[in-house]
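Here is a short walk through one protein model. Keep the sequence and the 3D view side by side as you read.

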Amino acid sequence: TALAEAPADTDEFLISDGGTLKRLDAQYVGGGAMVLVANSSSTSTVADKTFDGIFSSTYDHYRIVGTMCPTSDDTHVQIILRASGSNVGGTPYDFTSLNGNTNSSDTEAQQYEGDQGLNHFKIGAAGVNLDGDSDAITFDFILSDPNTNILSRCYATGTSAFRNGGSSKLYAEMFAFGMSSNPNADGFNIYFSSGSIAEHSIQVYGLKKS
């Protein structure tokens, strides 16, 4: 039966080592530093997207890369961590961001965004424009120790790019997340602050420790 997906680190190959048959774990083949642990891509509208059971002690850091199109104007991305199939509730989510933007008149500006004590993280806090699949937000960030194997907190740092209304502004954003309590998370839920996700492509990678 075909595996039809990338092998897990503990999947095994059978090789001949000088004529002696031996097992070889997939983690020793290829040498890549990132392992795909979750993936979702669709052009169908969904209210949100949930990834459960993907964070564990296998990796301390995860890279999350994605693109999302909104169904509502002037909205931002929200992320809630999850543990054992439920959202990590309360208000332990803090975020801060710095963005620069330029408009159709080549006028540049900067602005700061930030909040502490939220029930979610934010990306694209300045607001993402709605224009079919022409306007979207793309993001790339490192989520550090969500399963709290080393620290008692979870942090993240990353970047995003998106368009906002008003002279077709293009934004470049740097952001950081931090938790004020231990999430012990094994997944996350991602969605827009209003409306739904019209289209998306999201990949989650575990970063190998060695």
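Start with F141, which stands opposite G158 in β12. One step along, D140 stands opposite T159 of β12. The model is a predicted one, and these pairs are a good way into it. F141 and D140 face β12 from strand β11, and that strand covers residues 137–144. Eight bridges join β11 to β12, and the two strands run antiparallel.

Now cross to the next neighbour. Strand β13 spans residues 169–179. It is joined to β12 by 10 bridges, again in antiparallel fashion. One contact to look for is T157, whose bridge partner in β13 is A176.

Stay with β12 and look at its side chains. In a regular strand, side chains alternate between the two faces of the sheet. Strand β12, residues 155–164, shows this alternation. A156, G158, S160, F162 and N164 point to one face, and they are buried. Y155, T157, T159, A161 and R163 point to the other face, and they are not buried. Both bridge pairs with β11 can be read against this pattern. G158, opposite F141, belongs to the buried set. T159, opposite D140, belongs to the set that is not buried.

Step back to see the sheet. It is an open sheet of eight strands, paired antiparallel. The order is β3-β15-β5-β11-β12-β13-β8-β9. Which strands stand at the edges? They are β3, residues 34–42, and β9. Each has a single partner strand, so one side of each is left without a neighbour in the sheet. On average, neighbouring strands are turned by 15 degrees against each other, with direction ignored.

Two loops deserve a stop. D106 lies in the loop between β8 (93–102) and β9 (108–118). Its phi is near 60 degrees, a positive value in a residue other than glycine. D145 is found in the loop between β11 and β12. The phi of D145 is near 55 degrees, also positive and also in a residue other than glycine. Is each of these residues buried or exposed? D106 has a relative accessible area of 60%, so it counts as exposed, because the cut-off for exposed is over 50%. D145 has a relative accessible area of 3%, so it counts as buried, because buried means under 20%.

Next, look for empty space. Rolling a probe the size of a water molecule over the atoms shows where such space is left. A search of the whole structure finds one cavity of 30 Å³ or more. The volume of the largest cavity is about 30 Å³. Its lining consists of I64, I79, L81, F121, F141, L143, F177 and F188. The elements that give two or more residues to this lining are β6 (75–83) and β11. By class, the lining has eight nonpolar residues, no polar ones and no charged ones. F141 thus appears a second time: it faces G158 across the strands, and it also lines the largest cavity.

Finish at the largest pocket. It holds about 430 Å³ of space. Its lining has 20 residues, and P7, A8, D9, V35 and L36 lie nearest the centre. Edge strand β3 gives the largest share of the lining, four residues. Here the classes are mixed: 12 residues are nonpolar, four are polar and four are charged.

Conventions
Residues numbered from 1 in each chain as written. Predicted model: local features only at pLDDT ≥ 70, side-chain atom pairs only at ≥ 80, totals over all residues. Heavy atoms only, no water. Buried < 20%, exposed > 50% of the residue type's maximum accessible area, 1.4 Å probe, protein only. Pairing = 2+ DSSP bridges. 1 Å grid on protein atoms, 1.4 Å probe; cavity = no way out; pocket = protein on both sides within 12 Å on 5 of 7 lines; lining within 4 Å. Points joined across faces, edges and corners; volume = space filled by probe spheres on them. Nonpolar A, V, L, I, M, F, W, Y, C, P; charged D, E, K, R; others polar. Axes fitted to C-alpha atoms, helices over the stretch in contact; angles between N-to-C directions.
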